[in-house]
Amino acid sequence: MKEVNYKDLKFNPFNLIGDEWLLVTAGNEKDGCNTMTASWGMLGCLWGHNDPSATIYLRPQRYTKTFVDREQLFTLCVMDKSFKKQMAYLGSVSGRDEDKIAKAGLTPVYACGTTYFAEAKLVLMCRKMYAQTLDEKSFFYADTVEKNYPQRDFHTMYIGKIEKVLVRDDEYLG
């Protein structure tokens, strides 16, 4: 993996998040880590500093949320399409119940106080800047709530400043 400037990245964020999916990971070697698959999120700049940022959403029952809440850093890893089966598995099994990272055959890399995976083709290391649970009263359309939150288990939104970008090859570089 090599570190690159976020301004050198070239990709469609809609494809990256919606089609390729991401692994949201938090934790460290000493205290443990956990990961989960995400297909919701956003990338951009925020708060007038032109800071690159990533927004992720985690439901309260997700074990990974415990790690994201505890840590200051989290990573977003994009995996090669050959990992689609493992990505589906990591999004459907809890790390509370088994060592799903080992079972998926991923190799944790502990660096800069957080965790990413050696098999990733793109890694965004993010520092938490903001977190808030979505509020039912703030939705404009009741059907959004009924469709996505019938149990009222609203996601917590986390905004992280992207502090480091790692790429395995030049696929995402212009």
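**Exercise 1.** Which residues line the largest pocket?

*Solution.* Let's set the ground rules. This is a predicted model, where local features need pLDDT of at least 70, side-chain atom pairs count only at pLDDT 80 or more, and totals for chains, interfaces and linings use all residues. Residues are numbered from 1 along each chain as its sequence is written, and side-chain values use heavy atoms, with hydrogens and water left out.

Step 1: recall the term. A pocket is an open set of points on a 1 Å grid over the protein atoms alone, where a 1.4 Å probe fits, with protein on both sides within 12 Å along at least five of seven lines; lining residues have an atom within 4 Å of a point.

Step 2: read off the lining, which is Y6, L9, K10, F11, P13, L43, G44, C45, P52, S53, L124 and I162.

Step 3: add the volume, about 220 Å³ (the space filled by probe spheres set on the points, which are joined across faces, edges and corners).

**Exercise 2.** Find the strand that gives the most to this lining, then sort the residues by class.

*Solution.* Strands are DSSP runs of E, at least two residues, numbered from the N terminus. β4 (42-46) and β5 (51-58) each supply at least two residues, and β4 gives the most, with three. By class, nine are nonpolar, two polar and one charged (Ala, Val, Leu, Ile, Met, Phe, Trp, Tyr, Cys and Pro count as nonpolar, Asp, Glu, Lys and Arg as charged, and the others, Gly among them, as polar).

**Exercise 3.** Now describe the second largest pocket.

*Solution.* Its volume is about 180 Å³. Its lining includes W40, R59, R62 and H155. β3 (32-38) gives the most, with three residues.

Technical notes:
Helix = DSSP H or I, 4+ residues; strand = E, 2+ residues; numbered from the N terminus.
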